[in-house]
Amino acid sequence: GDEALTTLAGCFIEAAKHKYRIYRVGGDEFVIVCRKCKEQDVQALASRIHENVANTKYSCSVGYCYSKTGSSSIDEMLTASDENMYAEKMRYYKEKGITR
């Protein structure tokens with residue numbers, strides 16, 4: 001447990017390149033806050049996270065939400081991010097032929 005969290009947190013920190021704020025918000029849930037950036041920056045961050053995690057014995061699913069206008073509430077953005085994360089997780093299971 002602790003080794004996995006420490007390893008994954010390191011992957012997130014490395015991917016964030018000290019540009020973004022990283023928070024552990026639950027047992028195995030993290031939020032990375034990216035302010036004043038483009039959606040492409042957030043997509044690139046997600047890609048870097050996947051690349052970093054692929055070099056470990058762990059895996060993770062990444063979901064994100066982007067608000068062009070900044071008018072979405074935190075709750076709305078967390079909900080959208082969760083939905084995207086679960087969609088990515090389902091694609092992973094499908095690709096691996098894992099039934100749940």
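These are my notebook entries on a salt bridge, a nonpolar core, the cysteines and a surface patch in this structure. I note at the start that the model is predicted.

**Entry 1, salt bridge**

I looked for salt bridges and found one. The partners are K57 and E3, whose side chains meet with 3.3 Å from N to O. That passes, because the cut-off for a salt bridge is 4 Å. I then looked up where the two residues sit. K57 is in the loop between α2 (39-54) and α3 (74-96), and E3 is in helix α1 (residues 2-16), so the pair ties together parts that are 54 residues apart in sequence. I also checked accessibility for both partners. K57 has a relative accessible area of 65% and is exposed. E3 comes to 47%, which I entered as partly exposed. As background, I wrote down that side chains of opposite charge can pair when their charged atoms come close.

**Entry 2, nonpolar core**

Next I went to the largest nonpolar core, which has 13 residues. Which of them touch the most other members? I listed F12, Y20, L45, I49 and V53. The elements that give two or more residues to this core are α1 and α2. I followed V53 further and left out residues up to four places away in sequence; V53 then touches L8, C11, Y58, S59 and C60. For context, nonpolar side chains tend to be buried together in soluble globular proteins.

**Entry 3, cysteines**

I counted disulfides and got zero. Why does C34 not form one? The closest cysteine sulfur to that of C34 belongs to C37 and is 4.8 Å away, which is too far for a bond, because a disulfide needs the two sulfur atoms within 2.5 Å. I did the same for C65. Its closest cysteine sulfur is in C34, at 11 Å, again too far for a bond. I also looked up how open these two cysteines are. C34 has a relative accessible area of 22% and is partly exposed. C65 is partly exposed as well, with a relative accessible area of 22%.

**Entry 4, surface patch**

Last, I looked at nonpolar residues on the surface. Y23, V25 and V33 form a nonpolar patch there, and together they have about 250 Å² of accessible area. I placed Y23 in strand β1, residues 21-24. Is Y23 exposed, partly exposed or buried? Its relative accessibility is 39%, so I entered Y23 as partly exposed. That value also fits membership of the patch, because patch residues need over 30% relative accessible area.

Methods. Residues numbered from 1 in each chain as written. Predicted model: local features only at pLDDT ≥ 70, side-chain atom pairs only at ≥ 80, totals over all residues. Heavy atoms only, no water. Patch = residues over 30% accessible without salt bridge, like charges linked within 9 Å, V, L, I, M, F, W, Y side chains within 5 Å. Areas by Shrake-Rupley, 256 points an atom, 1.4 Å probe, with all protein chains shown as cover. Helix = DSSP H or I, 4+ residues; strand = E, 2+ residues; numbered from the N terminus. Buried < 20%, exposed > 50% of the residue type's maximum accessible area, 1.4 Å probe, protein only. Core = buried A, V, L, I, M, F, W, Y, C linked by side-chain atoms within 4.5 Å. Contact = heavy atoms within 4.5 Å.
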